[in-house]
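Subject: Handing over the structure

Dear colleague,

I am passing the structure on to you below, and the notes that follow it set out what was found. Please read them with the structure open beside you.

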Amino acid sequence: MGASATASQAPAAAGALAGITVLDLSRVLAGPWATQLLADLGATVIKVERPGAGDDTRAWGPPWLADGDGQPTTDAAYFLCTNRNKQSVTVDFTRPEGQALVKQLAARADVVVENFKVGGLAPYGLDYASLAALNPRLVYCSITGFGQDGPYAPRAGYDFLIQGMGGLMSLTGRPDGEEGEGPQKVGVALTDILTGLYAANAIQAALLHRAASGEGQHIDVALLDVQVACLANQALNYLVSGAVPKRMGNAHPNIVPYQDFPTADGDMILAIGNDGQFARWCAVAGHPEWAHDPRFATNPARVRHRAELIPLMRQVTVTRTTDAWIAALEAEAVPCGPINTLDRVFADPQVQHRGLKLDLPHAAGGRAPGVGNPLHLSATPVAYRQAPPVLGEHTDAVLTSMGYSPQDIAALRAGGVV
(Lines give C-alpha, C1' and ligand atoms only; values in the text may rest on other atoms or scores of the structure.)
Protein backbone atom coordinates (compact mmCIF):
# COMPACT_ATOMS: atom_id res chain seq x y z
CA MET A 1 0.00 0.00 0.00
CA GLY A 2 3.04 2.27 0.15
CA ALA A 3 4.32 4.56 2.85
CA SER A 4 0.95 5.60 4.23
CA ALA A 5 -2.77 5.30 3.69
CA THR A 6 -4.69 8.44 2.80
CA ALA A 7 -8.33 9.39 2.59
CA SER A 8 -8.21 9.09 -1.19
CA GLN A 9 -7.39 5.43 -0.79
CA ALA A 10 -10.59 4.68 1.16
CA PRO A 11 -12.34 1.64 -0.39
CA ALA A 12 -15.62 2.27 -2.19
CA ALA A 13 -17.35 -0.81 -0.72
CA ALA A 14 -19.79 -0.24 2.14
CA GLY A 15 -18.42 -1.23 5.50
CA ALA A 16 -19.63 -4.32 7.31
CA LEU A 17 -21.49 -2.12 9.82
CA ALA A 18 -22.93 0.36 7.31
CA GLY A 19 -26.41 1.38 8.41
CA ILE A 20 -25.62 1.02 12.12
CA THR A 21 -25.69 4.25 14.15
CA VAL A 22 -23.67 4.46 17.35
CA LEU A 23 -24.22 7.20 19.94
CA ASP A 24 -20.87 7.59 21.68
CA LEU A 25 -21.15 9.10 25.17
CA SER A 26 -17.72 7.82 26.17
CA ARG A 27 -14.43 9.62 26.52
CA VAL A 28 -10.71 9.03 27.09
CA LEU A 29 -9.69 5.58 25.72
CA ALA A 30 -11.61 2.34 26.36
CA GLY A 31 -14.98 3.54 25.04
CA PRO A 32 -13.59 5.62 22.17
CA TRP A 33 -11.36 2.69 21.14
CA ALA A 34 -14.46 0.51 20.81
CA THR A 35 -16.42 3.11 18.88
CA GLN A 36 -13.50 3.91 16.56
CA LEU A 37 -13.36 0.23 15.62
CA LEU A 38 -17.08 0.24 14.90
CA ALA A 39 -16.66 3.42 12.86
CA ASP A 40 -13.78 1.92 10.87
CA LEU A 41 -16.07 -0.99 10.03
CA GLY A 42 -18.67 1.37 8.60
CA ALA A 43 -20.91 2.41 11.48
CA THR A 44 -22.01 6.04 11.78
CA VAL A 45 -20.63 7.18 15.13
CA ILE A 46 -21.96 10.37 16.71
CA LYS A 47 -19.65 11.47 19.50
CA VAL A 48 -21.34 13.65 22.12
CA GLU A 49 -18.91 16.06 23.79
CA ARG A 50 -19.09 18.85 26.35
CA PRO A 51 -19.46 22.32 24.79
CA GLY A 52 -16.24 24.29 25.03
CA ALA A 53 -14.13 21.40 26.34
CA GLY A 54 -14.94 18.11 24.65
CA ASP A 55 -13.34 14.76 25.35
CA ASP A 56 -10.76 15.01 28.14
CA THR A 57 -8.01 13.77 25.82
CA ARG A 58 -8.30 16.81 23.53
CA ALA A 59 -6.30 18.62 26.25
CA TRP A 60 -3.84 15.78 27.00
CA GLY A 61 -0.88 17.42 25.28
CA PRO A 62 1.67 18.23 24.14
CA PRO A 63 2.17 17.22 21.40
CA TRP A 64 -0.59 19.05 19.55
CA LEU A 65 -1.88 18.59 16.02
CA ALA A 66 -0.69 21.36 13.67
CA ASP A 67 -3.09 23.33 11.50
CA GLY A 68 -2.60 24.24 7.84
CA ASP A 69 -0.12 26.98 8.79
CA GLY A 70 1.93 24.68 10.97
CA GLN A 71 0.64 26.22 14.18
CA PRO A 72 -0.50 24.05 17.09
CA THR A 73 -4.23 23.48 17.45
CA THR A 74 -5.98 22.71 20.72
CA ASP A 75 -6.29 18.99 19.88
CA ALA A 76 -3.70 16.68 21.43
CA ALA A 77 -2.16 13.71 19.67
CA TYR A 78 -3.82 11.48 22.29
CA PHE A 79 -7.29 12.47 21.02
CA LEU A 80 -6.27 11.66 17.45
CA CYS A 81 -5.40 8.05 18.28
CA THR A 82 -8.96 6.95 18.94
CA ASN A 83 -11.52 9.26 17.31
CA ARG A 84 -11.29 9.03 13.52
CA ASN A 85 -14.36 8.39 11.38
CA LYS A 86 -16.62 10.04 13.99
CA GLN A 87 -18.96 13.01 14.01
CA SER A 88 -18.58 15.45 16.92
CA VAL A 89 -21.72 17.00 18.39
CA THR A 90 -21.54 19.25 21.45
CA VAL A 91 -24.38 18.88 23.96
CA ASP A 92 -24.60 19.88 27.61
CA PHE A 93 -26.78 17.06 28.90
CA THR A 94 -26.68 18.33 32.46
CA ARG A 95 -29.45 20.66 31.24
CA PRO A 96 -32.96 19.46 30.41
CA GLU A 97 -32.72 20.73 26.82
CA GLY A 98 -29.51 18.79 26.33
CA GLN A 99 -31.02 15.65 27.82
CA ALA A 100 -33.88 15.92 25.38
CA LEU A 101 -31.42 16.15 22.48
CA VAL A 102 -29.47 13.09 23.58
CA LYS A 103 -32.69 11.13 24.07
CA GLN A 104 -33.73 12.00 20.52
CA LEU A 105 -30.36 10.78 19.27
CA ALA A 106 -30.67 7.57 21.29
CA ALA A 107 -34.15 6.95 19.93
CA ARG A 108 -32.67 6.94 16.43
CA ALA A 109 -29.53 4.96 17.33
CA ASP A 110 -28.75 1.25 17.28
CA VAL A 111 -26.01 1.41 19.91
CA VAL A 112 -25.11 3.63 22.88
CA VAL A 113 -21.64 3.41 24.43
CA GLU A 114 -20.89 5.14 27.75
CA ASN A 115 -18.17 4.94 30.38
CA PHE A 116 -19.57 6.95 33.27
CA LYS A 117 -19.41 5.68 36.84
CA VAL A 118 -22.18 3.26 37.79
CA GLY A 119 -25.42 5.21 38.01
CA GLY A 120 -23.79 8.38 36.69
CA LEU A 121 -26.23 8.86 33.81
CA ALA A 122 -29.44 7.97 35.67
CA PRO A 123 -30.03 11.52 37.01
CA TYR A 124 -30.15 12.73 33.40
CA GLY A 125 -32.47 9.97 32.20
CA LEU A 126 -29.70 8.58 30.00
CA ASP A 127 -29.19 5.23 31.72
CA TYR A 128 -30.06 1.93 30.04
CA ALA A 129 -33.52 1.57 31.60
CA SER A 130 -34.57 5.06 30.55
CA LEU A 131 -33.27 4.84 26.99
CA ALA A 132 -34.47 1.27 26.44
CA ALA A 133 -37.98 2.46 27.29
CA LEU A 134 -37.68 4.86 24.34
CA ASN A 135 -35.92 2.39 22.06
CA PRO A 136 -36.37 -1.29 23.01
CA ARG A 137 -34.02 -2.38 20.20
CA LEU A 138 -31.15 -0.38 21.67
CA VAL A 139 -27.83 -2.10 22.39
CA TYR A 140 -26.42 -0.17 25.35
CA CYS A 141 -22.80 -0.80 26.38
CA SER A 142 -21.55 0.42 29.77
CA ILE A 143 -17.79 0.41 30.34
CA THR A 144 -16.63 0.88 33.93
CA GLY A 145 -13.64 0.07 36.08
CA PHE A 146 -15.27 -2.69 38.10
CA GLY A 147 -18.66 -3.50 36.60
CA GLN A 148 -22.27 -2.72 37.41
CA ASP A 149 -22.31 -4.80 40.62
CA GLY A 150 -20.02 -6.09 43.33
CA PRO A 151 -18.27 -4.37 46.25
CA TYR A 152 -16.08 -2.19 44.01
CA ALA A 153 -18.83 -1.12 41.59
CA PRO A 154 -19.02 2.51 42.83
CA ARG A 155 -15.29 3.07 42.40
CA ALA A 156 -13.68 4.89 39.50
CA GLY A 157 -11.30 2.71 37.50
CA TYR A 158 -8.17 3.75 35.60
CA ASP A 159 -5.91 1.68 33.41
CA PHE A 160 -2.81 2.07 35.61
CA LEU A 161 -4.77 1.13 38.70
CA ILE A 162 -6.30 -1.90 37.00
CA GLN A 163 -2.96 -3.12 35.64
CA GLY A 164 -1.85 -3.29 39.26
CA MET A 165 -5.04 -4.72 40.78
CA GLY A 166 -5.55 -7.21 37.94
CA GLY A 167 -2.12 -8.83 38.26
CA LEU A 168 -0.46 -7.57 35.08
CA MET A 169 2.14 -5.47 36.89
CA SER A 170 3.09 -8.39 39.14
CA LEU A 171 4.16 -10.21 35.96
CA THR A 172 5.87 -7.26 34.27
CA GLY A 173 9.34 -5.96 35.11
CA ARG A 174 12.75 -7.21 36.10
CA PRO A 175 12.92 -10.00 38.67
CA ASP A 176 13.80 -9.29 42.28
CA GLY A 177 17.56 -9.13 42.72
CA GLU A 178 18.24 -7.65 39.27
CA GLU A 179 19.09 -4.03 38.53
CA GLY A 180 15.88 -2.13 37.85
CA GLU A 181 13.77 -4.67 39.73
CA GLY A 182 10.17 -3.99 40.58
CA PRO A 183 6.71 -4.13 39.02
CA GLN A 184 6.07 -2.13 35.86
CA LYS A 185 3.01 -1.10 33.91
CA VAL A 186 2.88 -1.72 30.19
CA GLY A 187 4.03 1.26 28.10
CA VAL A 188 0.57 1.88 26.62
CA ALA A 189 -2.82 1.76 28.39
CA LEU A 190 -3.26 -1.85 27.37
CA THR A 191 -6.17 -2.67 29.70
CA ASP A 192 -8.19 0.21 28.26
CA ILE A 193 -7.44 -0.95 24.72
CA LEU A 194 -8.31 -4.58 25.44
CA THR A 195 -11.52 -3.43 27.12
CA GLY A 196 -12.42 -1.46 24.00
CA LEU A 197 -11.86 -4.53 21.85
CA TYR A 198 -13.99 -6.72 24.12
CA ALA A 199 -16.71 -4.06 24.12
CA ALA A 200 -16.76 -3.85 20.32
CA ASN A 201 -17.01 -7.64 20.12
CA ALA A 202 -19.89 -7.70 22.59
CA ILE A 203 -21.72 -4.93 20.72
CA GLN A 204 -21.53 -6.82 17.45
CA ALA A 205 -22.72 -10.02 19.16
CA ALA A 206 -25.66 -8.10 20.62
CA LEU A 207 -26.50 -6.67 17.19
CA LEU A 208 -26.57 -10.20 15.76
CA HIS A 209 -28.88 -11.27 18.59
CA ARG A 210 -31.12 -8.28 17.89
CA ALA A 211 -31.28 -9.17 14.20
CA ALA A 212 -32.66 -12.58 15.18
CA SER A 213 -34.87 -11.57 18.11
CA GLY A 214 -35.65 -7.86 17.69
CA GLU A 215 -34.42 -7.28 21.24
CA GLY A 216 -31.76 -4.90 22.45
CA GLN A 217 -29.80 -5.50 25.64
CA HIS A 218 -27.43 -4.01 28.22
CA ILE A 219 -23.73 -4.89 28.01
CA ASP A 220 -21.65 -4.61 31.19
CA VAL A 221 -17.88 -4.49 30.49
CA ALA A 222 -15.38 -3.88 33.29
CA LEU A 223 -11.69 -3.08 33.06
CA LEU A 224 -10.86 -5.38 35.97
CA ASP A 225 -12.76 -8.29 34.40
CA VAL A 226 -10.93 -7.78 31.12
CA GLN A 227 -7.52 -7.55 32.76
CA VAL A 228 -8.02 -10.77 34.72
CA ALA A 229 -9.37 -12.53 31.63
CA CYS A 230 -6.30 -11.46 29.65
CA LEU A 231 -3.81 -13.00 32.09
CA ALA A 232 -4.10 -15.98 29.72
CA ASN A 233 -1.41 -18.63 30.27
CA GLN A 234 -0.14 -16.95 33.43
CA ALA A 235 -3.56 -17.26 35.05
CA LEU A 236 -3.71 -20.92 34.15
CA ASN A 237 -0.14 -21.49 35.29
CA TYR A 238 -1.30 -20.32 38.71
CA LEU A 239 -4.68 -22.07 38.71
CA VAL A 240 -3.15 -25.39 37.64
CA SER A 241 -0.03 -25.34 39.83
CA GLY A 242 -0.98 -23.14 42.76
CA ALA A 243 2.36 -21.35 42.39
CA VAL A 244 2.16 -17.57 42.09
CA PRO A 245 4.02 -16.46 38.91
CA LYS A 246 6.79 -13.92 39.42
CA ARG A 247 8.30 -11.19 37.28
CA MET A 248 10.73 -12.58 34.73
CA GLY A 249 11.72 -9.49 32.76
CA ASN A 250 11.56 -10.39 29.08
CA ALA A 251 11.77 -14.13 29.69
CA HIS A 252 8.83 -16.52 29.18
CA PRO A 253 7.56 -18.76 31.98
CA ASN A 254 6.85 -21.74 29.71
CA ILE A 255 9.26 -21.44 26.76
CA VAL A 256 13.08 -21.24 26.65
CA PRO A 257 14.81 -19.46 24.95
CA TYR A 258 12.16 -16.79 24.45
CA GLN A 259 13.57 -13.42 25.51
CA ASP A 260 16.00 -10.62 24.68
CA PHE A 261 19.72 -11.22 24.19
CA PRO A 262 22.63 -8.77 23.99
CA THR A 263 24.46 -8.39 20.68
CA ALA A 264 27.67 -6.63 19.64
CA ASP A 265 25.78 -3.39 19.01
CA GLY A 266 22.56 -3.63 20.99
CA ASP A 267 19.92 -6.27 21.63
CA MET A 268 17.74 -8.74 19.76
CA ILE A 269 14.81 -10.99 20.53
CA LEU A 270 14.83 -14.76 20.13
CA ALA A 271 11.37 -16.33 20.13
CA ILE A 272 12.20 -20.02 19.79
CA GLY A 273 9.00 -21.99 20.11
CA ASN A 274 10.02 -25.59 19.41
CA ASP A 275 12.95 -27.98 19.51
CA GLY A 276 13.59 -27.84 15.77
CA GLN A 277 14.03 -24.07 15.89
CA PHE A 278 16.39 -24.47 18.85
CA ALA A 279 18.51 -26.99 16.94
CA ARG A 280 18.78 -24.58 14.01
CA TRP A 281 19.75 -21.77 16.37
CA CYS A 282 22.48 -23.95 17.85
CA ALA A 283 23.88 -24.70 14.38
CA VAL A 284 23.97 -21.01 13.41
CA ALA A 285 25.56 -20.16 16.76
CA GLY A 286 28.33 -22.71 16.24
CA HIS A 287 27.21 -24.99 19.06
CA PRO A 288 25.26 -27.85 17.48
CA GLU A 289 26.09 -30.00 20.50
CA TRP A 290 23.67 -27.99 22.66
CA ALA A 291 20.73 -29.41 20.71
CA HIS A 292 21.72 -32.92 21.88
CA ASP A 293 22.64 -32.02 25.44
CA PRO A 294 20.03 -33.67 27.73
CA ARG A 295 19.75 -30.39 29.65
CA PHE A 296 18.71 -28.46 26.54
CA ALA A 297 17.35 -30.92 23.96
CA THR A 298 13.66 -30.38 24.78
CA ASN A 299 11.70 -27.36 25.89
CA PRO A 300 10.76 -28.83 29.30
CA ALA A 301 14.46 -29.54 29.88
CA ARG A 302 15.42 -26.01 28.81
CA VAL A 303 12.83 -24.54 31.19
CA ARG A 304 14.35 -26.56 34.05
CA HIS A 305 17.91 -25.59 33.08
CA ARG A 306 17.18 -22.00 32.08
CA ALA A 307 19.82 -20.65 34.49
CA GLU A 308 22.53 -22.71 32.76
CA LEU A 309 21.52 -22.20 29.13
CA ILE A 310 20.85 -18.46 29.00
CA PRO A 311 24.35 -17.37 30.16
CA LEU A 312 25.92 -19.70 27.59
CA MET A 313 23.79 -18.20 24.82
CA ARG A 314 24.59 -14.63 25.90
CA GLN A 315 28.29 -15.33 25.61
CA VAL A 316 27.67 -16.18 21.96
CA THR A 317 25.13 -13.50 21.01
CA VAL A 318 27.49 -10.64 21.91
CA THR A 319 29.92 -11.77 19.19
CA ARG A 320 27.81 -10.47 16.25
CA THR A 321 25.72 -7.40 15.51
CA THR A 322 21.95 -7.46 15.69
CA ASP A 323 21.60 -7.19 11.91
CA ALA A 324 24.11 -9.99 11.36
CA TRP A 325 22.28 -12.32 13.72
CA ILE A 326 18.89 -11.54 12.19
CA ALA A 327 20.15 -12.15 8.66
CA ALA A 328 21.73 -15.49 9.63
CA LEU A 329 18.81 -16.70 11.73
CA GLU A 330 16.06 -15.66 9.32
CA ALA A 331 17.84 -17.65 6.62
CA GLU A 332 17.34 -20.72 8.83
CA ALA A 333 13.74 -19.88 9.84
CA VAL A 334 14.64 -19.14 13.46
CA PRO A 335 12.19 -16.53 14.84
CA CYS A 336 14.09 -13.40 15.82
CA GLY A 337 13.92 -9.64 15.52
CA PRO A 338 15.16 -6.26 16.68
CA ILE A 339 13.78 -4.14 19.51
CA ASN A 340 12.62 -1.17 17.45
CA THR A 341 12.04 2.38 18.58
CA LEU A 342 8.93 3.95 17.03
CA ASP A 343 10.88 5.76 14.33
CA ARG A 344 12.17 2.38 13.16
CA VAL A 345 8.71 0.82 13.48
CA PHE A 346 7.18 3.27 11.02
CA ALA A 347 10.20 3.02 8.72
CA ASP A 348 9.93 -0.77 8.61
CA PRO A 349 9.12 -1.98 5.07
CA GLN A 350 6.49 -4.46 6.28
CA VAL A 351 4.73 -1.79 8.37
CA GLN A 352 4.80 0.55 5.38
CA HIS A 353 3.55 -2.11 3.00
CA ARG A 354 0.59 -2.89 5.27
CA GLY A 355 -0.47 0.77 5.31
CA LEU A 356 -0.21 1.21 9.06
CA LYS A 357 0.75 4.88 8.86
CA LEU A 358 -2.18 7.12 7.97
CA ASP A 359 -2.29 10.67 6.64
CA LEU A 360 -5.76 12.23 6.58
CA PRO A 361 -6.90 15.78 5.78
CA HIS A 362 -8.08 17.57 8.91
CA ALA A 363 -10.76 20.23 9.35
CA ALA A 364 -8.21 22.57 10.94
CA GLY A 365 -6.45 22.77 7.58
CA GLY A 366 -3.49 20.49 8.13
CA ARG A 367 -3.00 16.75 7.91
CA ALA A 368 -3.71 14.34 10.75
CA PRO A 369 -1.39 11.37 11.09
CA GLY A 370 -2.79 8.14 12.43
CA VAL A 371 -2.26 4.42 12.76
CA GLY A 372 -4.17 2.08 10.49
CA ASN A 373 -6.72 -0.48 11.55
CA PRO A 374 -5.15 -3.96 11.49
CA LEU A 375 -8.29 -5.66 10.17
CA HIS A 376 -8.25 -6.62 6.48
CA LEU A 377 -11.68 -7.75 5.27
CA SER A 378 -11.81 -8.81 1.63
CA ALA A 379 -15.46 -7.89 0.92
CA THR A 380 -16.07 -5.05 3.41
CA PRO A 381 -12.69 -3.41 3.98
CA VAL A 382 -12.02 -0.75 6.57
CA ALA A 383 -12.43 2.78 5.21
CA TYR A 384 -10.79 5.97 6.50
CA ARG A 385 -13.55 8.42 5.77
CA GLN A 386 -12.33 11.34 7.85
CA ALA A 387 -9.79 12.45 10.42
CA PRO A 388 -10.80 12.89 14.06
CA PRO A 389 -13.27 15.78 14.19
CA VAL A 390 -12.75 19.22 15.66
CA LEU A 391 -14.97 19.92 18.63
CA GLY A 392 -18.59 20.30 17.55
CA GLU A 393 -17.72 19.98 13.86
CA HIS A 394 -20.97 18.16 13.04
CA THR A 395 -23.38 19.71 15.54
CA ASP A 396 -25.34 21.72 12.97
CA ALA A 397 -25.50 18.92 10.43
CA VAL A 398 -26.71 16.33 12.93
CA LEU A 399 -29.33 18.64 14.45
CA THR A 400 -30.52 19.62 10.98
CA SER A 401 -30.96 15.92 10.14
CA MET A 402 -33.15 15.67 13.27
CA GLY A 403 -35.45 18.42 12.00
CA TYR A 404 -34.03 21.43 13.83
CA SER A 405 -34.11 24.70 11.90
CA PRO A 406 -31.19 27.14 11.76
CA GLN A 407 -33.10 29.34 14.17
CA ASP A 408 -33.60 26.44 16.60
CA ILE A 409 -29.90 25.62 16.49
CA ALA A 410 -28.93 29.25 16.98
CA ALA A 411 -31.17 29.44 20.05
CA LEU A 412 -29.67 26.27 21.51
CA ARG A 413 -26.18 27.61 20.92
CA ALA A 414 -27.01 31.02 22.43
CA GLY A 415 -28.35 29.21 25.49
CA GLY A 416 -25.18 27.14 25.90
CA VAL A 417 -27.01 23.84 25.29
CA VAL A 418 -24.86 22.97 22.26
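Among contacts in the chain between residues at least 6 apart in sequence, 69% join residues at least 24 apart, where contact means heavy atoms within 4.5 Å. Please keep in mind that this is a predicted model, in which local features need pLDDT of at least 70 and side-chain atom pairs count only at pLDDT 80 or more, while totals for chains, interfaces and linings use all residues. Residues are numbered from 1 along each chain as its sequence is written, and side-chain values use heavy atoms, with hydrogens and water left out.

The chain has 418 residues, of which 44% count as buried (under 20% relative accessible area, with exposed meaning over 50% and partly exposed in between, for a 1.4 Å probe and protein chains only). Its C-alpha trace spans about 85 × 50 × 40 Å along the principal axes. The chain contains 17 helices and 14 strands, these being DSSP runs numbered from the N terminus (H or I of at least four residues for helices, E of at least two for strands).

One sheet is open and built from six strands in the order 6-3-2-7-8-9, with parallel pairing; two strands pair if DSSP finds at least two bridges between them. Strand 6 (86-90) and strand 9 (217-222) stand at the edges with a single partner strand each, so one side of each is left without a neighbour in the sheet. From one strand to the next the twist averages 20°, and here, as elsewhere, axes are lines fitted to C-alpha atoms (for helices over the stretch in contact), with angles running from 0 to 180 degrees between N-to-C directions. Strand 8 (residues 139-144) runs parallel to strand 9 and is joined to it by six bridges, and Tyr140 has His218 of strand 9 as its bridge partner. Helix 3 (residues 96-108) packs on this sheet, where it touches strand 2 (21-24), strand 3 (44-49) and strand 7 (111-114), and its direction makes about 150° with that of strand 2.

A further open sheet has three strands in the order 10-11-12, and its pairing is antiparallel. Its edge strands are strand 10 (258-262) and strand 12 (336-338), each of which pairs on one side only. Strand 10 and strand 11 (residues 267-271) are paired over five bridges in the antiparallel sense, and the bridge partner of Phe261 in strand 11 is Met268. Helix 13 (residues 322-330) packs on the sheet and touches strand 11 and strand 12, its direction making about 155° with that of strand 12.

Turning to the helices, helix 1 (residues 30-40) and helix 7 (residues 190-213) pack at an angle of about 50°, and their axes are 7 Å apart. The two are therefore oblique to each other, given that angles under 35 degrees count as roughly parallel, over 145 as roughly antiparallel, 65 to 115 as roughly perpendicular and the rest as oblique. Residues making the contact include Trp33 and Leu37 of helix 1 and Asp192 and Ile203 of helix 7.

Asp192, which lies in helix 7, has 11% relative accessibility and therefore counts as buried. Apart from its neighbours within four places in sequence, Asp192 is in contact with Leu29, Ala30, Asp159 and Leu223. The C-alpha atoms of Asp192 and Leu224 are separated by 9.9 Å, although these residues are 32 apart along the chain.

With best regards
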